Amino acid sequence: MIEEHLQEMMLQRRQKFMIPASLVATVNVNNSLDHAFLVLTKDRYAKIIVVDNENHYRGQLSLAMITDRLLETERINVNKLNELTVADVMQTDAPVIQEPFDIEENLHLMIDQSFLAVVNQQDQFCGIVTRRELLKTVSYTLHEFGKKYKVISKNK
């Protein structure tokens with residue numbers, strides 16, 4: 001459990017936790033891999049959110065997932081880019097959250113993820129919480145804590 005004063009300071013920056021869906025690049029589950037490959041490459045993302053036509057979160061897709069699917073025994077078959085869809089390749093088991101301000105859960109899940117997808121009760125995509133923004137909040141808290149609080153050791 002995060003100490004309450006540390007959590008209070010971190011939550012002061014809660015408006016920076018979630019990047020809203022309107023600012024996040026996504027691909028549709030029905031898009032061709034060719035389209036997804038272009039979006040990932042053009043936007044220089046390692047991984048991207050996958051949604052359906054009603055903006056429901058469906059999964060995530062990375063360049064590595066696409067490349068892995070194109071590999072054959074002795075070559076890369078780029079023709080598969082037009083034959084396969086995002087649904088054929090995407091990851092569906094990445095963790096998602098509904099509460100972007102649960103710092104403890106976010107920190108725990110971000111050990112292995114660079115971002116967490118935020119969904120509402122109907123699984124509609126709301127935005128992402130990034131490791132970068134969370135680490136900026138941790139850094140801010142660590143640097144500012146001593147300016148606001150005096151720490152007294154329990155051992156003295």
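## Asp102 and its acidic neighbours

Asp102 counts as partly exposed because its relative accessibility is 32% (buried means under 20% relative accessible area, exposed over 50%, partly exposed in between, with a 1.4 Å probe and protein chains only). This is a predicted model, so local features need pLDDT of at least 70 and side-chain atom pairs count only at pLDDT 80 or more, while totals for chains, interfaces and linings use all residues. Residues are numbered from 1 along each chain as its sequence is written, and side-chain values use heavy atoms, with hydrogens and water left out.

Asp102 sits in the loop between β5 (96-97) and α6 (103-109); helices (H or I, at least four residues) and strands (E, at least two) are DSSP runs, numbered from the N terminus. On the surface, Asp102 joins Glu99, Glu104 and Glu105 in a patch of negative charge. Patches take residues with over 30% relative accessible area and no salt bridge, and like charges are joined within 9 Å.

## An aromatic pair between two loops

There are two aromatic pairs in the structure. One of them is Phe17 with Phe101, a tilted pair at 6.1 Å centre to centre and 40° between the planes. For the rule itself, ring centres must lie within 6.5 Å; planes under 30 degrees apart count as stacked, over 60 as edge-to-face and the rest as tilted.

Phe17 is in the loop between α1 (4-11) and β1 (18-20), and Phe101 in the loop between β5 and α6, so the pair ties together parts that are 84 residues apart in sequence. Phe17 counts as buried, at 1% relative accessibility, whereas Phe101 is partly exposed at 28%.

## Salt bridges on α7

The count comes to five salt bridges, each a side-chain nitrogen of Lys or Arg within 4 Å of a carboxyl oxygen of Asp or Glu. Among them, Lys148 meets Glu8 at 3.5 Å, N to O. Lys148 lies in helix α7 (residues 131-148) and Glu8 in helix α1, so this pair ties together parts that are 140 residues apart in sequence. Lys148 is partly exposed at 43% relative accessibility, and Glu8 is partly exposed at 38%.

Then there's a little cluster: Arg132, Glu133 and Lys136 are linked in a network of salt bridges. Glu133 meets Arg132 at 3.7 Å and Lys136 at 3.2 Å. Lys136 and Glu133 are both in helix α7, three residues apart, or about one turn of the helix. As for cover, Glu133 counts as buried at 12% relative accessibility, Lys136 is partly exposed at 37%, and Arg132 is exposed at 59%.

Methods
Patches are made of residues with over 30% relative accessible area and no salt bridge: like charges are joined within 9 Å, nonpolar side chains (Val, Leu, Ile, Met, Phe, Trp, Tyr) within 5 Å. Accessible areas come from the Shrake-Rupley method with a 1.4 Å probe; for residues, only the protein chains shown count as cover. Lys and Arg count as positive and Asp and Glu as negative; His and the chain ends are not counted. The place of a charge is taken as NZ of Lys, CZ of Arg, CG of Asp or CD of Glu. Rings of Phe, Tyr and Trp (its six-membered ring) pair if their centres lie within 6.5 Å; planes under 30 degrees apart count as stacked, over 60 as edge-to-face and the rest as tilted.
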